[in-house]
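Have a look at this one with me. We'll start with some empty space inside and work our way outward from there.

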Amino acid sequence: MDLLQRVLNFKGTPPWLNATALTALTDHWRPEMHSFHLPLGEMSVTLEDITMITGLPIEGRALTGKRYFRKCSNDASPTVVERYARAYLWNLLTQVVFLNGTGDTTSWMFLDPLCVWDVKWSWGSAALAFLYRQLDGACMRSKPTSTLGGFVWALQVWMWERIPVGRNLSLPPEEPWKYPFDGDEERYPTIAHTWANAQWTSIAPMGRYKAYISELDMLTYEQDNWRPYTILRRFPLRNMCLRDQHLWRVWCPMVCFFAVEWHLPYRVSMQFGVQQRSPPDHVETSVVLHKTNRQNNKSVINWEEHHIMWVDMWNAQRNTRVETDQTPDSDKAAYLRHLEWMRKEYKIIHKGARHDGVHT
């Protein structure tokens with residue numbers, strides 16, 4: 001029942017999405033290292049961001065299992081029969097009644113883990129893996145009807161928290177926090193509560209994309225909010241936000257059924273207040289794993305068996321694969337060296353990137 005407590009985070013109205021700004025940000029995504037390439041360096045949505053914004057658990061088993069139920073046996077118990085009936089109805093509703101006009105459907109393979117309440121799944125890592133996979137595809141699409149799936153509102157909150165681009169909104173004046181839940185810390189808000197009542201300010205749509213691209217391409221070190229969660233807020237955070245912080249810097253593949261995506265915190269060390277290594281270690285994230293999807297692997301029934309190496313790595317090794325370097329991010333020369341390495345390695349032009357007035 002652990003997940004039911006997390007669902008309380010999503011009962012309210014989700015934040016308004018600035019689709020144009022998100023598109024501009026997505027166009028800076030690099031699938032091969034799971035990060036946005038910006039003039040001030042690399043940035044990414046990490047497990048820390050996911051748990052602070054959504055409150056989803058990171059600790060737990062990799063979210064995987066069977067793709068669908070083939071056949072219910074004749075001697076199945078009433079409980080099993082009910083489970084198959086529930087799966088059939090889920091499939092009917094999501095693929096026929098509520099079919100998404102873009103061609104994407106809500107997969108009924110997620111019904112399997114929802115039926116097993118006693119298992120603690122790593123919903124946070126699964127959500128991030130799925131978002132990574134969606135970004136991997138979206139950054140290479142060019143059709144006007146192209147869309148970005150996954151936990152998009154979490155990405156929007158992440159962008160507002162860290163980057164001063166696309167914030168065409170005003171926040172209401174801060175008021176003393178009122179807590180109506182009788183001391184139940186499980187129902188405290190997450191970081192997303194900061195933006196719960198933001199008011200959108202309309203601007204002319206023409207040229208917004210180019211304007212956002214220009215702003216992103218001119219960002220400086222000082223403009224970015226590398227550590228937004230250290231800012232004091234006038235409301236208490238849900239205890240789940242910090243519970244799994246021992247895994248925030250885990251260097252491990254994250255699993256969401258067919259999607260296996262590497263979490264590479266060392267590429268964005270400055271988001272953890274740690275000095276960036278140059279060059280960072282390299283892990284290939286796109287060549288093999290990104291070819292594995294539902295469309296190209298229709299014969300795969302059990303994703304846990306198909307991805308057993310990656311599933312075992314998360315389940316058995318995650319606590320031993322955590323980055324331990326704690327060198328403070330205080331060496332300006334190291335930061336500039338990293339930008340110079342990025343310029344040579346990826347041909348990125350750092351138009352406005354600087355650190356305390358020093359241009360690259």
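The second largest cavity encloses about 50 Å³ of space. Keep in mind that this is a predicted model. In total, the structure has three cavities of 30 Å³ or more. How do you find such a space? Rolling a probe the size of a water molecule over the atoms shows where empty space is left.

So who lines the second largest cavity? Its walls come from M33, H34, S35, S44 and T46, along with Y132, and then H263, L264, P265, R267 and V268. Sort that lining by class and you get five nonpolar residues, five polar ones and one charged.

One of those lining residues, S35, also belongs to strand β2, which covers residues 35-38. That brings us to the sheet: three strands, an open arrangement in the order β1-β2-β3, with antiparallel pairing. The edges are held by β1 (29-30) and β3 (41-43); each has a single partner strand, so one side of each is left without a neighbour in the sheet. Between β2 and β3, the antiparallel pairing runs over three bridges.

Now zoom in on F36, which sits opposite M43 in β3. Leaving aside residues up to four places away in sequence, F36 touches L25, T26, H28 and W29, then G41, E42, M43, S44 and V45, and finally L135, L155 and W158. S44 turns up here as a contact of F36, and S44 also helps line the second largest cavity.

F36 matters for the bigger picture of packing too: the largest nonpolar core counts 79 residues, and F36, L155, W158 and I163 are those with the most contacts inside it.

Definitions and conventions: Residues numbered from 1 in each chain as written. Predicted model: local features only at pLDDT ≥ 70, side-chain atom pairs only at ≥ 80, totals over all residues. Heavy atoms only, no water. Pairing = 2+ DSSP bridges. Helix = DSSP H or I, 4+ residues; strand = E, 2+ residues; numbered from the N terminus. 1 Å grid on protein atoms, 1.4 Å probe; cavity = no way out; pocket = protein on both sides within 12 Å on 5 of 7 lines; lining within 4 Å. Points joined across faces, edges and corners; volume = space filled by probe spheres on them. Nonpolar A, V, L, I, M, F, W, Y, C, P; charged D, E, K, R; others polar. Core = buried A, V, L, I, M, F, W, Y, C linked by side-chain atoms within 4.5 Å. Buried < 20%, exposed > 50% of the residue type's maximum accessible area, 1.4 Å probe, protein only. Contact = heavy atoms within 4.5 Å.
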